[in-house]
Amino acid sequence: MIYAYIRVSTEMQNYDSQKFEIQNYCEANGLSVDRWVKESISGTVKVEKRTLGKIIRKMRVGDKLICTELSRLGRNMLMVMSILNTCSAKGISIHSIKDNFDLTDNINSKIIAFAFALAAEIERNLISQRTKEALALKKAAGIKLGRPPGKSKKRENAYKSWDAINRKIQEGIPLVKIAKQYKIHRNTLRTYLNTNNIYSEASDFTKNGNDTSQ
């Protein structure tokens, strides 16, 4: 099957000029489009979330995809190369009219696949390096890494019930039982008490051996 792909960035743009170019190309080369694929979406959107991605997944070996230019497939070279690599692996040919580019089962396709794999590896290494550098800078600046304490949903839910928790502490109920009832770890409860310097008698209570968790 022959698919014709047309993409515009906004609904204000017109599909007609791209369709006209593709029709002229097909007439000149004795081709007939079996299915027209049109979408209005930014080329920066991941191909998996676009109609183009759905079409490529449905295409079979020997199918052909025609577009006016490679930039219709994606807005950056890495994205375009990724799409070309996927199509090459599936045995799908691509023709870009303005670029006069053909992706078929030839040496050019193998070069594109190699170039994409190399570019993807370089990009992964760059991202990893940038992440390490950012973490190192934060650490050097004295910023504590990791999730801030007391931000989990379980903790927040427990703190909303603090009045009831406090009453149980005053009644002499061990922290381990209170923590279990409110579905938080007993150490979380202790940390909250110590951090906020409140209800110090509860800490004395656990030290006296009444906390059965020890």
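**Entry 1: Glu21 and its partner**

I began with Glu21, which is partly exposed, at a relative accessible area of 24%. I note at the outset that the model I am reading is predicted. I then looked up the partner of the Glu21 side chain and found a salt bridge to Lys98, at 3.5 Å from N to O. Glu21 belongs to helix α1 (residues 16-28), whereas Lys98 sits in the loop between β4 (93-96) and β5. The two residues are 77 residues apart, and I recorded the pair as a link between distant parts of the chain.

**Entry 2: the other bridges**

How many salt bridges does the structure hold? I found three. Lys98 enters one with Glu69 as well, where the closest N and O atoms are 3.8 Å apart. Because Lys98 is in the loop between β4 and β5 and Glu69 is in the loop between β3 and α3, this pair ties together parts 29 residues apart in sequence. Glu69 has a relative accessibility of 22% and therefore counts as partly exposed, given that buried means under 20%. I noted that Glu21, Glu69 and Lys98 are thus linked in a network of salt bridges.

I next turned to Arg50, which forms a salt bridge with Glu39; their closest N and O atoms are 3.9 Å apart. Arg50 lies in the loop between β2 (35-40) and α2, and Glu39 lies in strand β2. This pair, 11 residues apart, also links distant parts of the chain. Are Arg50 and Glu39 buried or exposed? I found both Arg50 and Glu39 to be buried. As general background, I wrote down that side chains of opposite charge can pair when their charged atoms come close.

**Entry 3: Gln18**

I returned to helix α1 to look up Gln18, which is placed in that helix. With a relative accessibility of 9%, Gln18 counts as buried. I checked its distance to Arg72: the C-alpha atoms are 9.9 Å apart in space, while the residues are 54 apart in sequence.

**Entry 4: the positive patch**

Which residues gather in a patch of positive charge on the surface? I listed Arg35, Lys54, Arg57 and Lys58. Helix α2 (residues 51-58) gives the most to this patch, with three residues. I looked at Lys54 individually: this residue lies in helix α2 and is partly exposed, with a relative accessible area of 48%.

**Entry 5: the nonpolar core**

I then examined the largest nonpolar core, which has 21 residues. Those with the most contacts inside the core are Leu52, Leu65, Leu73, Ile83, Leu84 and Cys87. At least two core residues come from each of β1 (2-8), α2, β3 (64-67), α3 (77-90) and β5 (101-103). Which element supplies the largest share? I found that this is α3, with five residues. For context, I added that nonpolar side chains tend to be buried together in soluble globular proteins. Helix α2 therefore appears twice in my notes, once for the positive patch and once for the core.

**Entry 6: the whole chain**

Last, I recorded the overall picture. The protein has nine helices and five strands. Read from the N terminus, the order of its elements is β-α-β-α-β-α-β-β-α-α-α-α-α-α. Of the 214 residues in the protein, 36% are buried.

Conventions
Residues numbered from 1 in each chain as written. Predicted model: local features only at pLDDT ≥ 70, side-chain atom pairs only at ≥ 80, totals over all residues. Heavy atoms only, no water. Patch = residues over 30% accessible without salt bridge, like charges linked within 9 Å, V, L, I, M, F, W, Y side chains within 5 Å. Areas by Shrake-Rupley, 256 points an atom, 1.4 Å probe, with all protein chains shown as cover. Salt bridge = Lys/Arg side-chain N within 4 Å of Asp/Glu carboxyl O. Lys, Arg positive; Asp, Glu negative; His and termini not counted. Charge placed at Lys NZ, Arg CZ, Asp CG, Glu CD. Helix = DSSP H or I, 4+ residues; strand = E, 2+ residues; numbered from the N terminus. Buried < 20%, exposed > 50% of the residue type's maximum accessible area, 1.4 Å probe, protein only. Core = buried A, V, L, I, M, F, W, Y, C linked by side-chain atoms within 4.5 Å.
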